[in-house]
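Dear colleague,

Please find below the sequence and structure that I am handing over to you. My findings follow directly after them.

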Amino acid sequence: MVDTKKFTAIVSKLSGITISGDNLGLCELFALKRLEAYEYIRVEEIRAFISSLYASLGEPLVLKNQLFCFTVGLMSRIVLRNKYLTRDYSKHATSTDQFEEFRVMINDFMKLDGSFYIGDWIPWLDFLDLQGYVRKMKALEKKFDHLFDFVYHEHKANREADKNLEPRDMVGLLLELMDLLVGGIETTSSTLEWAMSELIKHPRVMEKATEELDKVIGRERWVEEKDIPQLHYIEAIMKETLRKHPASAMIPPHAAVEDCNVAGYQIKKGSVVLINIWSMGRDPTLWDAPEEFCPERFLEGKLGNIDVKGQSFELIPFGSGRRMCPGYSLALTMLMCGLANMLHGFN
Ligand code: HEM
């Protein structure tokens, strides 16, 4: 166990993730009431996404790219109340180039976020920045600042135009919102991509899912958020995807706030604790045949009651406790609705 380190600190600053403390302020933003209010945005964006897939019928397409555009547009509208970062950016100033740059920024961020930085563990090598990660992270920070400036000025202009908008600490609020944006895009699109990848490899699972959709929804309409509680098999697919392919292998670093003992290990106050949820999801002492993709495991027996909301410690793709992902409820809604509509709309 080591103290909080430099690279980790830069990553944390960029992602808005603090090493210790809690995210209750962010949780407030995600109160159910607010989430429900955005359902119309999710409906519009999911339909636009499915229509764009229909428009490409017959042509090969890279689903990963389509999913990324979908989550960027959706998150941008929900979090920033505007479609700043979309390809079909007709009304606003983002060009295709800017969109591509944003895609590269998010990719770079996710890569660096999951990297093992030597200087964190062998401090006397730190100043050499042997892997060049600190240099890359600082360059990325500048790019995010640039984007933040753009969003800030746009919001400022809107506020000046509409005097009824609530006066609040806009810089602080926007910084929080940018964290939410970065935290929610790649995680959601890569999870959807993994789900589709597993379904393509497992036609039996795909068939059972479409059977459920035909039975619960019928052929005449799209899947709506209110249908989610009835879609048990789709939910099991989502859990199985999050077990096998968590959005990031390691939960961001946490620090022990006091001396404690976990499973016989003494952990000193201030130690940085890294939790590897990827290996927990594949641990044969916790899961039967962990390498297999088998949603049924969540429908029967003792695993039937397992959830992904931080209560079942063998499956914590969103973390657990006070630092848990504040966007988990929104994420689950987007994942379930996005996946269900893709399956419902296409063979
Ligand atoms: C599949 C989707 C997602 C997964 C798997 C995921 C997973 C996680 C995990 C594991 C953490 C760290 C929790 C911890 O430290 O214990 C986290 C933090 C965070 N997530 Fe998510 N997340 C997802 C979607 C979202 C969405 C949609 C949003 C925003 C709307 C979001 C915003 C955040 C933020 C802001 C943090 C940092 C919280 C803090 O500062 O402590 N995430 N997420």
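**Findings on the predicted model**

Residue I50 lies in helix α4, which spans residues 39-55. Please bear in mind throughout that this is a predicted model. I50 has 18 other C-beta atoms within 10 Å and is therefore partly exposed, since a residue counts as buried only from 20 such atoms upward and as exposed at 12 or fewer. In sequence, I50 and G338 are 288 residues apart, yet their C-alpha atoms are 9.0 Å apart in space. Leaving aside residues up to four places away in sequence, I50 touches N341 and G345.

As to the overall make-up, the protein chain contains 13 helices and four strands. It has 347 residues, of which 30% count as buried. Among the contacts in the chain with a separation of 6 or more, 68% are between residues 24 or more positions apart.

I turn next to one helix pair. Helix α11 (residues 232-244) packs against helix α13 (residues 328-345) at an angle of about 115°, and their axes are 10 Å apart. This crossing of α11 and α13 is right-handed. On the α11 side the contact involves I234, E235 and M238, which meet L335, M336, L339 and A340 of α13. By type, the residues of this contact comprise six nonpolar and one charged, with no polar residue.

Several of these residues recur in the largest nonpolar core, which has 57 residues; I234, I237, M238, L335, M336, L339 and A340 are those with the most contacts inside it. The helix that gives the most to this core is α13, with eleven residues. As for M238, its contacts are A195, L335, M336 and L339, again not counting residues up to four places away in sequence.

Finally, there is the ligand. It is surrounded by 25 residues, the closest being G183, G184, G319, C325 and G327. Two or more residues of this shell come from each of α9 (170-201), β1 (250-255) and α13. The element that gives the most to the shell is α9, with seven residues. In composition, the shell around the ligand has 13 nonpolar, ten polar and two charged residues.

Helix α13 thus deserves a second look when you open the file: α13 packs against α11, gives the most residues to the largest nonpolar core, and is among the elements that give two or more residues to the ligand shell.

With kind regards

Conventions
Residues are numbered from 1 along each chain as its sequence is written. This is a predicted model: local features need pLDDT of at least 70, side-chain atom pairs count only at pLDDT 80 or more; totals for chains, interfaces and linings use all residues. Axes are lines fitted to C-alpha atoms, for helices over the stretch in contact, and angles run from 0 to 180 degrees between N-to-C directions. A crossing is left-handed if the near helix is turned anticlockwise from the far one by less than a right angle, and right-handed if clockwise. Two residues are in contact if their C-beta atoms, placed from the backbone, lie within 7 Å. Ala, Val, Leu, Ile, Met, Phe, Trp, Tyr, Cys and Pro count as nonpolar, Asp, Glu, Lys and Arg as charged, and the others, Gly among them, as polar. A residue is near a molecule or strand if its C-beta atom, placed from the backbone, lies within 6 Å of it. A nonpolar core is a set of buried Ala, Val, Leu, Ile, Met, Phe, Trp, Tyr and Cys residues joined through C-beta atoms within 7 Å.
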